[in-house]
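Subject: Structure handover and interface notes

Hello,

Please find the structure below. My notes on the interfaces and domains follow.

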Amino acid sequence: MSDLNAFRTEVRDWMASHLSGTFAELKYRGGSGEGDVLPELRKEWERELAAGRWTCPGWPQEHGGRGLSVAEQVAFQEEYSRAGGPGRIGHIGEGLMGPTLIAFGTEEQKKRFLPGIRSGTEFWAQGYSEPSAGSDFGNIKTRARLDPVTGDWVVSGQKVWTSLAHLSDWIFVVARCEEGSVGRNGLIFLLMPLAQPGVEIHPIKQIGGGAEFNSVFFDGARAKADDVLGQPGDGWKIAMALLGFERGISTLGQQMSFQQELDLIVEISKENGSDRSPAIRQRVAYAWTGLRAMRYLAMRVLSDDQSPETRREALTYKYQWSNWHRDLGRLAMDVLKMDANVVSDDPRRERLQQMFLFARADTIYGGTNEIQLNIIAEQGLGMPREPRGKL
Amino acid sequence: MSDLNAFRTEVRDWMASHLSGTFAELKYRGGSGEGDVLPELRKEWERELAAGRWTCPGWPQEHGGRGLSVAEQVAFQEEYSRAGGPGRIGHIGEGLMGPTLIAFGTEEQKKRFLPGIRSGTEFWAQGYSEPSAGSDFGNIKTRARLDPVTGDWVVSGQKVWTSLAHLSDWIFVVARCEEGSVGRNGLIFLLMPLAQPGVEIHPIKQIGGGAEFNSVFFDGARAKADDVLGQPGDGWKIAMALLGFERGISTLGQQMSFQQELDLIVEISKENGSDRSPAIRQRVAYAWTGLRAMRYLAMRVLSDDQSPETRREALTYKYQWSNWHRDLGRLAMDVLKMDANVVSDDPRRERLQQMFLFARADTIYGGTNEIQLNIIAEQGLGMPREPRGKL
Amino acid sequence: MLEFTPDQQMIREEAQRFLREQSSSEAIRLIVDTGASHDAGLWASISRELGWCAMAVPEEFGGLGLGATEVAILMELTGARLACVPFWSTVCLAAPLLQSAGSEPAKAKYLGAIAAGEMAVTVAYADLSVADPAATVAVKALRTDGGYRLDGKVAQVIDLEAADIVLVPAALEDGATALFALARDAGQSVAPLEVLDRTRPVAALELAMEVSAESRIDEGCVSAGQFREALAFANLGLAAEQLGAAQGAHEVTLAYIAERVQFGRTIASFQAIKHRCAKLVVEIAEARSLIFGAAQGLGISDAAESALEIAGARVLASDLQFRAAEEAIQLHGGVGFTWEYDPHLYFKRAQANAALLGAREAQLDRIAASVFGDGGVK
Amino acid sequence: MLEFTPDQQMIREEAQRFLREQSSSEAIRLIVDTGASHDAGLWASISRELGWCAMAVPEEFGGLGLGATEVAILMELTGARLACVPFWSTVCLAAPLLQSAGSEPAKAKYLGAIAAGEMAVTVAYADLSVADPAATVAVKALRTDGGYRLDGKVAQVIDLEAADIVLVPAALEDGATALFALARDAGQSVAPLEVLDRTRPVAALELAMEVSAESRIDEGCVSAGQFREALAFANLGLAAEQLGAAQGAHEVTLAYIAERVQFGRTIASFQAIKHRCAKLVVEIAEARSLIFGAAQGLGISDAAESALEIAGARVLASDLQFRAAEEAIQLHGGVGFTWEYDPHLYFKRAQANAALLGAREAQLDRIAASVFGDGGVK
């Protein structure tokens with residue numbers, strides 16, 4: 001316990017001395033709906049983190065990480081968020097691509113890609129969703145054709161909802177490599193540079209005016225033979241493993257940012273008198289309760305607990321945080337009353353407005369509410385599967 | 001308008017002078033969850049109503065009714081309820097069987113059955129639901145076999161949720177008369193006396209302790225050849241028409257009784273201090289709002305309005321009142337606090353407790369919430385039909 | 001019973017057809033993306049050619065002398081298409097105030113111009129977020145030789161840029177409230193605000209100016225009762241707009257999910273989705289019934305009773321509008337939160353509307369005060 | 001992180017197995033239909049053979065010295081089966097009060113007997129419906145020569161008939177609160193009440209009697225803080241019971257709809273039903289996490305913080321229990337509201353529990369007072 005406290009102090013001190021000067025501007029930025037703000041400074045910040053060995057702290061030491069325990073990683077995330085650490089542009093590389101490479105990559109691939117992620121010099125985007133596939137991952141239509149001369153894979157198709165593609169260097173792409181294959185079969189997992197002919201990136205303007213997401217069009221773009229992860233046909237298996245890495249330690253850091261939002265709401269409500277409304281008070285108390293419950297649920301999920309209750313209830317985490325957050329957005333606006341509608345240069349209001357709007361995406365991306373409930377019912381409760389149609 | 005006021009006065013005066021003496025005990029009784037209380041006195045009350053020509057006031061004059069307009073029928077229902085008029089044991093005869101006989105019966109059938117309904121001397125029960133059919137009306141399994149000698153129909157099977165069968169003289173039964181028929185085809189609509197060999201009535205004890213509903217077992221019971229309504233095979237058509245009569249004028253009377261319940265809740269909350277709770281106040285105000293909205297919806301539905309909005313929204317009425325009522329039950333209990341759990345001889349508390357419990361049935365019988373939502377989605381919005389399974 | 005007359009039905013059908021053509025998604029986006037104050041062409045058609053602004057103006061002032069029901073019908077339909085016109089501000093906010101508190105010459109002048117479709121008018125209430133926006137006044141009126149000196153700042157005035165005239169309630173030295181009508185070209189400071197709901201512009205108004213005695217248009221100060229009467233109409237119109245916007249968002253959603261395929265089926269074929277859509281119909285039915293029931297009774301039934309019904313209608317309509325808009329985003333899936341698709345426009349309007357003229361809690365408090373007969377508990 | 005120890009896991013599994021066998025639907029109905037005060041055989045097994053009552057009693061008094069987590073585990077499981085035993089009253093309501101406010105001899109005597117499984121104890125709080133039931137005292141204690149004279153009436157005492165001892169908080173002449181322990185055979189007037197939730201009997205208690213000085217068992221009056229400490233435990237136990245009852249109702253429902261066929265499909269195959277069942281899992285996950293998180297922190301974390309978490313747990317658990325029970329009735333369809341099927345038992349318990357020790361609003365008020373740091377707004 002005291003070691004952990006010492007560790008927390010270390011993180012706190014580092015953040016206090018480094019998230020200052022030119023970086024001070026980044027405090028609390030780059031969160032919900034702000035994925036694309038201040039990109040250059042945030043990339044610099046990634047290098048600053050790397051210099052302090054605070055990128056990828058959960059990775060094994062052999063790959064440049066610190067090999068932190070789960071409890072230490074949680075502590076890091078919490079202190080990072082508490083200090084106002086900005087949204088991480090390197091998140092996909094650090095949290096998804098890295099662990100996947102470590103699990104499935106060849107030695108050569110690890111050597112080529114891990115250092116760029118760790119040093120904050122190469123940024124990754126993900127190429128999962130497609131326009132006609134939505135949450136239906138088995139319906140992927142992007143094709144990868146083997147060029148028999150070079151051994152390269154030639155890719156054509158479209159990916160959507162690739163976050164920060166326009167700020168990234170590499171993208172991993174799940175594509176169909178066997179002509180005529182359907183569903184989970186015949187998929188390949190490719191690592192592709194974004195800066196090449198045949199790749200076009202179109203930002204998607206969002207509800208809040210920002211453009212964190214993109215459509216990425218592939219028209220004869222190439223992945224080198226060496227840049228296949230696993231074997232052709234392993235795409236589904238690798239993609240599923242990678243999705244598993246998504247539920248992780250970062251949730252507790254996210255909760256710190258939720259707590260900050262709740263604190264802001266309380267602060268503003270005291271200023272504008274909303275704190276005298278019984279209904280607002282009850283809603284704030286209910287939000288506090290939900291956040292506390294989420295915290296303990298995350299702690300259960302991060303434990304090694306293999307009880308049927310915990311395994312089943314772990315399935316609810318995405319649904320819980322996203323819907324809690326969505327409700328918080330509405331509460332924030334109700335506290336702001338008519339000011340909610342007006343853009344101002346009060347950064348607190350701006351943050352809550354962006355949060356309110358972007359939280360609408362929380363219940364959609366990464367598996368919609370509806371998909372989550374299907375999963376809970378089918379995998380958690382063993383209820384009958386939803387039949388697939390024939391359209 | 002002034003004619004209607006005069007009519008209201010007439011009803012009010014009649015109720016005041018007749019719902020007194022021995023009948024005073026019936027005031028406000030026989031409502032939600034109390035369908036089976038004080039049966040003999042309530043049958044006498046039916047005859048008292050009949051003597052005043054207040055049974056079947058909406059029937060045509062030629063059949064013994066008063067031929068009242070819709071507005072007058074509404075006024076009657078409202079004044080009846082306002083005066084504390086008890087739940088009507090004759091309801092199924094007056095509201096369902098009578099109109100169906102008038103629409104589908106032969107002259108001879110009308111002559112035989114309508115007078116008993118009108119005079120409050122013959123009471124009817126309905127035989128729709130079956131244990132394995134539930135809301136699935138096409139799945140009826142009760143069989144009717146023609147006795148070639150007598151021309152009678154010999155009935156075997158089981159009906160459930162037949163309200164007040166143990167207090168009734170006759171029952172109408174939808175049964176399968178064509179061997180091997182499925183779904184809507186091959187059904188017959190039979191009128192059968194309950195007091196005969198081969199009919200057994202088992203009361204079903206309910207959540208509140210009462211037994212308004214019954215299971216009725218048929219084992220070789222008989223319907224006379226003359227007691228088939230329409231032709232063999234018309235069962236579905238007649239049953240559907242009869243269900244249509246269920247949504248009717250009586251809803252506005254029901255709303256008066258809802259208003260009384262809401263008034264009781266307000267009264268008790270002032271006595272026990274719940275009226276100082278902001279949450280209770282908001283919920284009471286919300287209940288008031290919902291009741292007002294229901295009132296105007298009923299008025300739209302009772303109009304001749306054929307606009308697509310009104311036709312679609314008419315489908316929501318059952319869902320609306322039953323869920324509103326269910327919520328009201330919970331509100332009543334929250335107002336009573338710990339007293340909600342304790343049976344007392346305060347008739348107000350008793351009424352609210354029975355209402356709370358029995359309102360749980362409101363969202364189930366006569367088409368569950370789930371069926372109602374299917375109907376609204378499919379018939380009201382034209383969304384795809386729910387596929388039938390093969391179990 | 002409760003149904004539209006054949007005339008009302010006709011008004012409804014024609015307005016619906018007109019708005020579907022003229023206030024299309026493309027037309028709205030032109031306003032949203034350029035930051036224009038309103039769709040001037042659409043407004044000209046509505047006010048001048050179709051005479052919608054004349055609907056509830058008494059015949060003596062050149063109006064049609066129809067009632068709240070006709071206005072609610074039109075508000076519902078403009079809401080359904082998020083029509084970018086100063087219709088609510090002119091017809092529901094300003095005209096009823098002129099009617100209840102204006103002097104006879106002012107009525108003749110301004111109601112006449114409104115009825116003729118020649119004038120957009122708004123009201124600069126100090127705080128539109130509360131159930132009684134007339135309870136506080138942000139502008140002071142000081143009598144001068146030639147008229148009055150007006151000083152003050154109003155944080156948010158709806159449709160201010162589009163308005164030809166702004167009505168300003170102002171506190172006289174004795175505390176009574178006077179009403180001024182100021183032409184929009186007469187030297188006020190108007191600061192358009194950047195708002196989330198770009199379909200209904202808002203601006204701040206700052207006054208530090210001398211105005212003529214003729215600018216004052218009330219008939220011997222405005223009473224709380226006169227404000228209340230005017231605001232009942234504004235609330236009713238807003239509730240109808242909310243109903244319409246909910247219906248509009250729902251229709252956009254139904255059309256999308258009937259086409260969009262997931263897992264080899266249309267989204268509309270999933271029962272959980274069907275039930276949620278059906279529940280919206282239930283809420284629409286409730287809100288519509290109460291709104292048009294209240295509209296039919298307004299001015300006929302007891303005024304206090306009508307006000308409660310309208311308060312209830314606002315609660316139902318605000319809940320409904322938000323839910324319909326949030327379901328629109330959710331059921332559109334990935335494209336639901338993009339700028340390109342329409343759900344976010346409905347969503348932002350839903351949030352903005354819910355905060356107007358008393359949020360949910362305040363409306364329910366009013367009803368509770370009456371139902372409990374205790375004037376509200378503090 | 002947060003998980004059960006292997007010992008806790010074992011306690012849980014064994015208790016679950018035991019209760020499934022011993023507190024079957026048939027066993028419960030025997031109590032419900034006969035009006036017995038409790039299931040004496042089950043209580044004997046639980047208290048004497050299995051030693052569940054010893055769980056949280058300190059070792060010095062013959063207990064196992066385990067903590068809130070073990071008790072919450074057992075409360076969850078007794079809740080799941082609606083076990084008709086005075087377990088909550090003895091272990092969560094009375095024992096913690098003895099522990100926090102009892103004199104050393106009283107602790108030795110009563111906690112010892114509880115731990116040994118020889119005694120059921122309850123507390124006669126004046127009003128169990130409020131968040132602070134110790135704020136009012138219904139019984140007066142007048143000092144007499146030989147001891148005290150107790151006078152007063154307590155409207156509802158839970159498990160009074162089943163209890164061997166009832167603890168009575170009583171007001172002394174100087175306004176301080178003393179605590180008396182009365183054997184149940186000593187001439188109080190006990191009036192069993194007819195209640196809707198027959199799985200947990202309630203009786204009224206009337207006192208007009210002389211008691212010995214030894215009956216008084218507090219260590220120099222009971223402070224508000226001592227009551228608070230005891231009541232935190234009672235609330236936590238109740239929340240765990242509510243969670244369990246929700247889980248129990250949900251399991252009954254899932255089993256039914258997996259078998260019951262409508263329109264040629266099991267009810268469980270309808271997506272709208274699946275989603276509603278899944279949402280219950282979400283709520284169960286929330287409540288369980290907060291309950292066991294709070295249990296693990298109780299006595300370790302800051303007491304005020306723990307009390308808030310427990311208040312929040314009660315809110316989640318009350319909402320959850322009601323929803324699970326109401327869905328049980330609804331999804332059972334026609335048989336859901338019959339006496340014969342179990343959903344109504346869960347439903348009545350849900351209503352009764354929600355009213356205990358502070359309803360939803362009161363719990364949230366407490367949390368708000370802390371979050372806003374203003375001690376509550378009146």
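How much area is buried between chain A and chain C, and what percentage do carbon and sulfur atoms give? The area is about 3600 Å², and carbon and sulfur atoms give 61% of it. Buried area here is the accessible area (1.4 Å probe) that two parts lose on being put together, summed over both.

First, the conventions. This is a predicted model, so local features need pLDDT of at least 70, side-chain atom pairs count only at pLDDT 80 or more, and totals for chains, interfaces and linings use all residues. Residues are numbered from 1 along each chain as its sequence is written, chains are lettered from A and ligands numbered from 1 in the order in which they are written, and side-chain values use heavy atoms, with hydrogens and water left out.

**Chain A with chain C**

The contact (heavy atoms within 4.5 Å) takes 45 residues from chain A and 39 residues from chain C. On the chain A side, Ile207(A), Met338(A) and Asn341(A) lose the most area to chain C. Together they account for 21% of what that side buries.

Three salt bridges cross this interface. A salt bridge is a side-chain nitrogen of Lys or Arg within 4 Å of a carboxyl oxygen of Asp or Glu. Glu370(A) forms a salt bridge with Arg276(C), with the closest N and O atoms 2.8 Å apart. There are also 19 residue pairs in polar contact (both at pLDDT 80 or more). A polar contact is a pair of N or O atoms within 3.5 Å; within protein, one must be able to donate a hydrogen and the other to accept it, and residues adjacent in sequence count only if both atoms are side-chain atoms.

Helices and strands are DSSP runs, numbered from the N terminus (helices: H or I, at least four residues; strands: E, at least two). Four helices of chain A each supply at least two residues of the side that touches chain C: helix 8 (278-302), helix 10 (317-336), helix 11 (347-362) and helix 12 (369-380). Helix 11 of chain A has the largest share, five residues. By class, the chain A side divides into 21 nonpolar, 12 polar and 12 charged residues. Ala, Val, Leu, Ile, Met, Phe, Trp, Tyr, Cys and Pro count as nonpolar, Asp, Glu, Lys and Arg as charged, and the others, Gly among them, as polar.

**Chain B with chain C**

Here 43 residues of chain B are in contact with 47 residues of chain C. The two chains bury about 4000 Å² between them, 66% of it on carbon and sulfur atoms. The salt-bridge count is seven. In one salt bridge, Glu386(B) meets Lys274(C) at 2.8 Å, N to O. Polar contacts come to 20 residue pairs (both at pLDDT 80 or more).

Several helices of chain B give two or more residues to this side, including helix 3 (70-82), helix 7 (250-272) and helix 8 (278-302). Helix 8 of chain B gives the most, with 15 residues. The chain B side has 20 nonpolar, nine polar and 14 charged residues.

**Inside chain C**

Chain C is divided into domain 1 (6-120), domain 2 (123-215) and domain 3 (224-372). The bounds come from an automatic or database domain assignment. The C-alpha centres of domain 1 and domain 3 of chain C are 20 Å apart. Their contact takes 28 residues from domain 1 and 31 residues from domain 3. About 2300 Å² is buried between them, with 65% from carbon and sulfur atoms.

Three salt bridges cross between these two domains. Glu251(C) and Arg20(C) meet in a salt bridge at 3.9 Å, N to O. The polar-contact count is 11 residue pairs (both at pLDDT 80 or more). On the domain 1 side, helix 4 (68-80) of chain C is among the elements that give two or more residues. Helix 4 of chain C has the largest share, nine residues.

**Inside chain A**

Chain A is divided into domain 1 (2-89), domain 2 (124-234) and domain 3 (247-380). The C-alpha centres of domain 1 and domain 2 of chain A lie 29 Å apart. Each of these two gives seven residues to their contact. They bury about 560 Å² between them, 55% of it on carbon and sulfur atoms. Zero salt bridges are found across this interface, along with three residue pairs in polar contact (both at pLDDT 80 or more).

Best regards
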